[in-house]
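Got your viewer open and a selection box ready? Let's take a walk through this one, stop by stop.

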Amino acid sequence: MTNKKTSVPFNGTPEQEQALQKVIEAHKNERGALMPVLQEAQEIYGYLPLEVQEMIARGMDVPLEEIYGVATFYSQFTLNPKGKYKISVCLGTACYVKGSGDIFDRLSRALGIGNGECTPDGKFSLEACRCIGACGLAPVITINDDVYGRLVPDDVEKILAKYAD
Amino acid sequence: MYRSHVLVCGGTGCTSSGSEKIIAALESEIQKNGLVEEVKVIRTGCFGLCALGPIMIVYPEGCFYSMVQPEDIPEIVSEHLLKGRIVKRLLYSETVIEDSDAVKSLDETDFYKKQLRVALRNCGVINPENIDEYIAYDGYQALGKCLTEYTPEQVIDIIKQSGLRGRGGGGFPTGVKWSLARANDADQKYVCCNADEGDPGAFMDRSVLEGDPHVVLEAMAIAGYAIGATQGYIYVRAEYPIAVKRLQIAIDQAREYGLLGKNIFGTDFCFDIDLRLGAGAFVCGEETALMTSIEGHRGEPRPRPPFPAQKGLFGKPTILNNVETYANIPQIILKGSDWFSGMGTEKSKGTKVFALGGKIKHTGLVEIPMGTTLREVIEEIGGGIPNGKKFKAAQTGGPSGGCIPASLIDTPMDYDNLIAIGSMMGSGGLIVMDEDTCMVDIAKFFLEFTVDESCGKCTPCRVGTKRLLELLNKITSGNGELADLDKMEELCYYIKANSLCGLGQTAPNPVLSTLRYFRDEYVAHVVDKKCPAGVCKDLLSYSIDADKCKGCTLCARNCPVGAIEGKVKELHTIDTTKCIKCGVCMEKCKFGAVVKK
């Protein structure tokens, strides 16, 4: 799994912490608020390192182990930072039947990283994801908010080149 | 008044293929040509024919333009919208009438003519971000009728008599579920909507949420009235950003119009709805796990009884229905239970939406009466298998379902028939496979999914699925024995019988159904150490056909591991000890000289 403890040092800013405190304040007395708070915290920091989980534990008065339990249960939450460009390869059934496994292999080879990993320069991260519902365009990958569909493995290098900046 | 309306699909499929750029280009071209007062562009929900996206329809002519690119827009605007001349080259080929300027109606095309749209009625028809358009299509009339003409018991009776069964997988009668929750007294009850569409390859719920969000709100309010609840929650996947956004807009608009909130339609009935975002856990589609997740915990299921109708969300009586089930409710109230039960088969009433995907020409969403045969769906509506390949199997029910072989293609699809042949309706994903799909590999694919998504709470599911996957890996890597097949079967039945929730109870289905219908293929892997479909890499080897190789060096230059040797204009050979079987050489070879065995 991708949720191993990260080796990247935490460097949150005071602005981020302030934003997080606001979120905690807004949800504090709501029933079942932990998930929305974690979701918004991940929006702010991009991931949920232990330091952020500790802040939430203190702010919400919820034991840290419970927060860790929830954060590691759901695949949307990540304890590792993602790359500047997040590549997700859909391995849903429709995409898989149409060869998204080969697309994944090609990307993995081109970037030299495996599932859930990030390139050493922090530029690309790669992950296999569940169906994103664009089955009509299978096989599909997304890079941040851009969607690329109807792919063949040879398209991979061309697409990566677009992010060469 | 506008003289022309241009409907552009803003569903996820078409958005992914660029419909936002199309809308921007349309708006700027319309401005340039001074047509702002005459032509209106509307962003709608999904039309269903995702394979041809981005899609747009121009009314009043009803021209269906497919695979539109931004470069095409100036031509469409200046020719069609300005001069009234249809741009034939962009029309969906099936709607073109030779030697005529008219177009065939969409209802006459193979893809649409057998469809019957109830749940998808408004998708691709109205602007989902405008409550007035929903109201203009009888929206919120059913809620008004319930509140002012029927008692809660009468509402439940109508739903019971309609024969509506849950569209999320299990097929439990909706009316019965409601009456169970009604019967329990409590100071607070809840109505939940399961919009955590987790089956890979199913996207009908997303399309309803994106194309017609108000129908879900209206139906939930009706359910609230029927069982005596004042609060609703929609648990929707965070992976569906467009659906989340449109639901929030719809909730805000409904509150503004007084259709959610206090004293709805001037009655005593109060009801409100909030959104909760899922965070990517398949098990949260299970009802008790979903409720645990809304409460803010790890989404683990709990044993039943007590059923949610007694003790559900926050320990209170709760009903949970899925999006497509709700989408049927307002129509049943307005048109009556007889109308609804007049469609479908004896025990499965109404229609079902299927998401057609995989090796099929028209990938997309189709809504058909229950009892339509698989053959009609694949060959007529779906347009058959592309590239002249042969149909091998259809997978329904996602990771909980099974594979239907070609020999059963004439099975009428309803809840009970699908169970009888070892699959299930599930949420309606229908993945078509051709001869290039390995059934052992598919079983493995689904098992990998369930192993990953098993929440770990109960041992049969957590450990059992893992052992099952190990056996499958043993077989696909060429180390299987015949006895493994029997071992797998035994393990499957054990997992089914002993798992806590629906995830584990159905997880072995993909293995069982492929073992049942494609045992030969398993035997080929185990005894002959061959993968007949040429998918399982460990059982394949690549070689170069000496008669066809021209010595062009293209394969050698592209091989990532340097496993191919050969000089220019001489025969090349593959060193199988170095070969990683990536298939690049085969893709690159222009002479078809690389052979996979």
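Start with residues 391-396 of chain B, which form strand β11. Its antiparallel partner is β12(B), and 4 bridges hold the pairing together. To see the two strands face each other, show B:Q395 and look across to B:C403 in β12(B). Before you go further, keep in mind that this is a predicted model.

**Stop 1: the sheet around β11**

Now widen the selection to the whole sheet. It is an open one with 5 strands in chain B, in the order β10-β9-β13-β11-β12, and the pairing is mixed. Colour β10 (364-369) and β12 (402-405) of chain B: these are the edge strands, and each pairs on one side only. If you look along the sheet, neighbouring strands turn by 30° against each other on average, ignoring direction.

Next, pick β13 of chain B, residues 429-434. Is this strand mostly covered or mostly open? Mostly covered: 5 of its 6 residues are buried. Now look at its two partners:

- β11(B) runs antiparallel to β13(B), and 5 bridges join them. Select B:F391 and you'll find B:D434 of β13(B) opposite.
- β9 of chain B (residues 351-358) pairs with β13(B) in the parallel sense, over 4 bridges. Here the residue to show is B:L356, with B:L430 of β13(B) opposite.

While the side chains are switched on, remember that in a regular strand they alternate between the two faces of the sheet.

Before leaving, hop to the loop between α15 (374-381) and β11 of chain B, where B:N387 sits. What is phi doing at B:N387? Its value is near 60°, which is positive in a residue other than glycine. B:N387 counts as exposed because it has 8 C-beta neighbours inside 10 Å, and the cut-off for exposed is 12 or fewer.

**Stop 2: the parallel sheet**

Move to the open sheet of 4 strands in chain B, ordered β7-β6-β5-β8, where the pairing is parallel. Highlight β7 (272-278) and β8 (318-322) of chain B: they stand at the edges with a single partner strand each, so one side of each has no neighbour in the sheet. Neighbouring strands in this sheet are turned by 20° against each other on average, direction ignored.

Zoom in on β6 of chain B, residues 231-237. How many bridges does β6 share with β7(B)? The parallel pairing runs over 7 bridges. B:G232 makes a handy marker, standing opposite B:I273 in β7(B).

**Stop 3: some backbone oddities**

Turn on the backbone and visit two prolines.

- B:P60 lies in the loop between β3 (56-59) and β4 (63-65) of chain B. The peptide bond leading to it from B:Y59 is cis, with omega near 10°.
- B:P306 is in the loop between α12 (287-294) and β8 of chain B. A cis peptide bond joins it to B:P305, with omega about 0°.

Then select B:T553, in the loop between β14 (542-544) and α23 (554-558) of chain B. Phi there is near 70°, again positive in a residue other than glycine. B:T553 has 15 other C-beta atoms within 10 Å, so it counts as partly exposed.

**Stop 4: zoom out to all of chain B**

Pull back and show chain B as a cartoon. You'll be looking at 24 helices and 17 strands. The radius of gyration is 27 Å, close to the 25 Å the globule rule gives for 597 residues, so chain B is as compact as a globular protein of that length. Its C-alpha atoms fill a box of roughly 85 × 65 × 40 Å along the principal axes. Colour by burial and 54% of the 597 residues come up as buried. Among contacts in chain B with a separation of 6 or more, 71% involve residues 24 or more positions apart.

**Stop 5: chain A and where it touches chain B**

Finally, bring in chain A. It is divided into domain 1 (14-73) and domain 2 (85-161), and the C-alpha centres of these two domains lie 30 Å apart.

Now select the contact between the chains: 36 residues of chain A are in contact with 42 residues of chain B. On the chain A side, the elements giving two or more residues are α2 (34-45), α4 (64-73), α5 (93-97) and α6 (100-111). Which of them gives the most? That is α5(A), with 4 residues. Colour this side of chain A by residue type and you get 19 nonpolar, 10 polar and 7 charged.

Key
Residues numbered from 1 in each chain as written. Chains lettered and ligands numbered in written order. Predicted model: local features only at pLDDT ≥ 70, side-chain atom pairs only at ≥ 80, totals over all residues. Rg over C-alpha atoms; globule rule 2.2 N^0.38 Å. Buried ≥ 20, exposed ≤ 12 C-beta atoms within 10 Å, placed from the backbone. Contact = placed C-beta atoms within 7 Å. Domains from an automatic or database assignment. Nonpolar A, V, L, I, M, F, W, Y, C, P; charged D, E, K, R; others polar. Pairing = 2+ DSSP bridges. Axes fitted to C-alpha atoms, helices over the stretch in contact; angles between N-to-C directions.
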